[in-house]
Structures are given as C-alpha cells and as structure tokens.
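Thank you all for making the time this morning. I would like to take you through one structure, and I will ask you to keep it on the screen while I talk.

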Amino acid sequence: MNIRIGQGYDVHAFGDGDHVVLGGVRVPHDRGVLAHSDGDVVIHALCDAILGALALGDIGKHFPPSDPQWKGADSRAFLRHCDALARERGWRLGNADVTVVCERPKVGPHAAAMREVLAQELAVEVDAISIKATTSEKLGFTGRGEGIAAMAVCLLVKS
C-alpha cells in the first residue's frame with residue numbers, strides 16, 4: 001500500500017501564563033498550559049498522528065515527560081523528529097487536518113500562521129495543512145475553560 005493514515009489527540013490543562021503555543025505560534029491568552037514541554041496541543045496531536053501512521057507508538061514514547069531534556073522544549077523539534085522518522089522509512093506527509101477544541105483563545109485569527117509554520121517544518125505546501133477550531137458548546141473541561149485539546153489526522157504517502 002502506498003498510503004498510511006494516522007490520528008492523534010492531545011490535551012493540556014490551563015494554568016498560569018499569558019499565552020499558549022498552538023502550531024508553533026505564540027497565541028496571547030490570559031492563561032498558559034500545564035505541560036512539560038511548551039504544551040503545543042496542535043503539534044503534539046500531529047506528532048501522534050504521524051507516529052500512529054508509522055506504527056511507532058506515541059509522542060510520550062519518543063519524548064517522555066520524565067526526561068528533563070524536554071522541559072520547556074519547543075514542540076517543533078518533536079515534529080521535525082517525527083517527519084524525519086517518516087522520511088527515513090520512505091514516507092512523506094501528504095496532508096494533515098487538525099482541529100483545536102476550546103472556548104478560548106480564538107484560533108481562527110492565528111490559523112494561517114499555524115499552517116505556514118507547520119508547512120515549513122514539514123517541507124510541504126501550505127495547502128496540505130488544515131487548521132480549524134471548534135468549541136464544545138460549554139460542555140466538559142474545554143467548555144468550562146479548564147483546558148484545550150486538539151485532534152489530528154494525517155495521510156502519509158510513499159516518497
């Protein structure tokens with residue numbers, strides 16, 4: 001088969017701070033996230049999707065939160081690692097679709113910048129990356145403003 005599909009999910013609780021990082025973009029917010037790295041749910045979900053398509057486990061296996069070297073890490077390094085794993089095995093990203101779930105911050109004004117960052121990191125055209133957002137209609141932890149989540153799906157194609 002010349003294609004593989006992977007899906008990923010990530011969540012982080014809100015904590016102290018004045019911004020969140022989403023898709024490699026610093027987004028102003030009245031909260032930060034509780035995380036070992038920069039807590040970028042977009043990139044973490046996308047990494048899990050790529051790793052899933054490769055059948056290589058999850059992001060925690062490759063970058064364990066118990067390892068101090070990843071404290072405060074820029075998640076773009078995780079994404080580059082996952083992309084390198086795919087390319088070493090003869091795969092490349094065909095496209096990715098990411099949905100951010102939160103009431104706030106507003107994702108739409110930052111989606112184009114996120115697409116640009118992710119496309120650059122993955123060496124693909126911007127039109128291969130989709131970023132969208134939804135709320136949970138004030139239900140659950142995202143609806144109560146306790147945290148943020150992201151879901152990602154990706155298609156890998158033989159290079």
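D83 is buried, with a relative accessible area of 9%, and I begin with this aspartate because its side chain takes part in a salt bridge with R87, in which the closest N and O atoms are 3.0 Å apart. Please bear in mind throughout that this is a predicted model. The two residues of this pair both belong to helix α3, which covers residues 75-88, and they are 4 residues apart, about one turn of the helix. R87 itself is partly exposed, at a relative accessible area of 36%, whereas D83, as I said, falls under the 20% limit for a buried residue, given its 9%.

How many salt bridges does a search of the whole structure find? The search returns 9, and I will describe two others besides the one in the helix. In one of them the side chains of R89 and E88 meet, with an N to O distance of 3.7 Å, which counts because the cut-off for a salt bridge is 4 Å. E88 is exposed, with 61% relative accessible area, while R89 is partly exposed at 39%. The other joins R144 to E146, and here the closest N and O atoms are 2.8 Å apart. R144 is exposed, at 53% relative accessible area, whereas E146, at 39%, counts as partly exposed.

Let me turn to the strands, and to β7 in particular, which spans residues 147-158. Strand β1, residues 3-15, is joined to β7 by 11 bridges, and the two run antiparallel; within this pairing, the bridge partner of I5 in β7 is L155. Strand β5, residues 91-101, is also antiparallel to β7, and 10 bridges join the two; here R92 has V157 of β7 as its bridge partner.

V157, then, lies in strand β7, and at 15% relative accessibility it counts as buried. In sequence V157 and I50 are 107 residues apart, yet their C-alpha atoms are 11 Å apart in space.

In a regular strand the side chains alternate between the two faces of the sheet. With that general point in mind, consider V153, which also has its place in β7 and which is partly exposed, at 35% relative accessible area. V153 belongs to a nonpolar surface patch together with M1, I3 and I5, and the four have about 440 Å² of accessible area together. V153 can be in such a patch because membership asks for over 30% relative accessible area, and V153 has 35%.

Staying with strands for a moment, is T99, in strand β5, buried or exposed? At 15% relative accessibility, T99 counts as buried, and its side chain is joined to that of K132 by a polar contact of 3.0 Å. After β5 comes the loop that leads to α4, residues 108-122, and K106 is found in that loop. K106 counts as exposed, with 58% relative accessibility, and its C-alpha is 16 Å from that of G17, although the two are 89 residues apart in sequence.

The last topic is the cysteines. How many disulfides does a search of the whole structure find? The answer is 0. C102 is in no disulfide, for the nearest cysteine sulfur, that of C47, is 19 Å away, and a disulfide would need the two sulfur atoms to be within 2.5 Å. C154 is likewise in no disulfide, its nearest cysteine sulfur being that of C82, 9.6 Å away. As for their surroundings, C102 is buried, with a relative accessible area of 3%, and for C154, also buried, the value is 3%.

To gather the threads, I have gone from the salt bridge of D83 and R87 in helix α3, through the antiparallel pairings of β7 with β1 and with β5, to a structure in which the search finds 0 disulfides. Thank you, and I am glad to go back to any of these residues on the screen.

Notes:
Residues numbered from 1 in each chain as written. Predicted model: local features only at pLDDT ≥ 70, side-chain atom pairs only at ≥ 80, totals over all residues. Heavy atoms only, no water. Patch = residues over 30% accessible without salt bridge, like charges linked within 9 Å, V, L, I, M, F, W, Y side chains within 5 Å. Areas by Shrake-Rupley, 256 points an atom, 1.4 Å probe, with all protein chains shown as cover. Buried < 20%, exposed > 50% of the residue type's maximum accessible area, 1.4 Å probe, protein only. Pairing = 2+ DSSP bridges. Polar contact = N/O pair within 3.5 Å; in protein donor to acceptor, adjacent residues only side chain to side chain.
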